[in-house]
Amino acid sequence: MATEEPGTGETGTSSTAEPLFKLTKRFQASIALINTLDNTKLHAVLTRIIQKLHLRDEDAFTGEEQTQLTGVLGLDERQLDTVLDVSAYIFEQAAYIQATTVQLKIHLERAGLSKEKNIAFLRVWESARPTLIENLKNRTIVPRTLKDVSWQLHLQLSQSSLARVKTPSAIFQLEVAHESGTEKVRMELDHDDLFAFYDRLNVIQKQL
């Protein structure tokens with residue numbers, strides 16, 4: 001029995017010519033990982049992610065729930081983090097342009113998501129889209145100011161003892177000030193991630 005796709009009669013109001021997602025190697029590897037998951041379990045995970053997406057200081061799953069999910073989905077901790085992060089990113093990008101179901105379907109197909117997994121994302125998006133967009137509009141903006149940025153280059157040797165290839169990555173430390181004080185945020189970006197981050201900063205700069 002064929003699975004019915006949601007929103008097939010819907011038409012988009014903005015162009016889908018430009019990709020919604022930066023198709024880095026890491027993103028494509030994440031999509032390949034999502035393609036291996038059980039459809040029913042994926043749907044449940046996506047539903048929780050989109051319900052919590054508008055909350056700034058609350059993760060979609062608690063630490064205990066994430067531990068349980070590794071067993072349920074058959075993933076290790078790093079793989080689970082990848083699935084959760086990329087799924088949230090997909091919905092964030094869709095919300096940013098207020099994508100229709102048809103638009104999201106096209107972008108997910110271009111990203112390499114399988115038909116079954118595409119349907120899982122579309123069903124969750126179609127159901128939660130109006131509420132998520134409204135919640136994001138009404139979300140209280142907490143003043144945060146970037147006070148300082150520091151970075152260093154990190155070289156990691158390949159796991160292969162035969163090929164001593166060094167994989168470079170940049171480690172950034174951001175000092176952010178807010179009402180309660182300051183906090184330091186660290187992030188590690190490889191070449192593809194850094195390029196994608198640069199592209200997004202350019203988009204933000206054009207909108208300022």
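In the predicted model described here, Phe21 has a relative accessibility of 3% and therefore counts as buried, since the limit for that class is under 20%. Phe27, at 5% relative accessibility, likewise falls in the buried class. The rings of Phe21 and Phe27 form an aromatic pair of the stacked kind, with 5.5 Å from centre to centre and 25 degrees between the planes. Ring pairs also bring in Tyr89, so that Phe21, Phe27 and Tyr89 are linked into a cluster, as rings count as paired when their centres lie within 6.5 Å.

The setting of these residues is a protein chain that contains 7 helices and 3 strands. Read from the N terminus, the order of the elements is α-α-α-α-α-α-β-β-β-α. The protein chain has 208 residues, of which 33% count as buried. Among the contacts in the protein chain that have a sequence separation of 6 or more, 66% are made by residues 24 or more positions apart.

Aromatic pairing is not confined to the residues named above, for a search of the whole structure finds 5 aromatic pairs. One of them is formed by Phe91 and Trp125, which are stacked with 6.2 Å from centre to centre and 15 degrees between the planes. Because Phe91 lies in helix 4 and Trp125 in helix 6, which spans residues 115-138, this pair ties together parts that are 34 residues apart in sequence. Both partners are shielded according to the computed values: Phe91 counts as buried at 0% relative accessibility, and Trp125 counts as buried, also at 0% relative accessibility.

Phe91 takes part in a helix packing as well, being one of the residues through which helix 4 meets helix 2. Helix 2 (residues 39-52) and helix 4 (residues 77-96) pack with their axes 10 Å apart and at an angle of about 60 degrees. Helix 2 is therefore oblique to helix 4, as the angle lies below the range of 65 to 115 degrees that counts as roughly perpendicular and is not under 35 degrees, where helices count as roughly parallel. The crossing of helix 2 and helix 4 is right-handed. On the side of helix 2 the contact is made by Val45, Leu46, Ile49 and Ile50, and on the side of helix 4 by Leu84, Ser87, Ala88 and Phe91. Sorted by class, the contact of helix 2 with helix 4 comprises 7 nonpolar residues and 1 polar residue, with no charged residues.

Helix 6, in which Trp125 lies, also holds Asn118. The relative accessible area of Asn118 is 3%, and this residue is therefore buried. When residues up to four places away in sequence are not counted, Asn118 touches Lys105, Leu108, Glu109 and Leu113.

A further feature concerns the backbone at Gln98, which has a positive phi of about 50 degrees although Gln98 is not a glycine. Gln98 is placed in the loop between helix 4 and helix 5, the latter covering residues 101-111. With a relative accessibility of 38%, Gln98 counts as partly exposed, because this class lies between the limits of 20% and 50%.

Definitions and conventions. Residues numbered from 1 in each chain as written. Predicted model: local features only at pLDDT ≥ 70, side-chain atom pairs only at ≥ 80, totals over all residues. Heavy atoms only, no water. Axes fitted to C-alpha atoms, helices over the stretch in contact; angles between N-to-C directions. Helix = DSSP H or I, 4+ residues; strand = E, 2+ residues; numbered from the N terminus. Parallel < 35°, antiparallel > 145°, perpendicular 65-115°, else oblique. Left-handed = near helix turned anticlockwise from the far one by under 90°. Contact = heavy atoms within 4.5 Å. Nonpolar A, V, L, I, M, F, W, Y, C, P; charged D, E, K, R; others polar. Phe/Tyr/Trp six-rings, centres within 6.5 Å; stacked < 30°, edge-to-face > 60°. Buried < 20%, exposed > 50% of the residue type's maximum accessible area, 1.4 Å probe, protein only.
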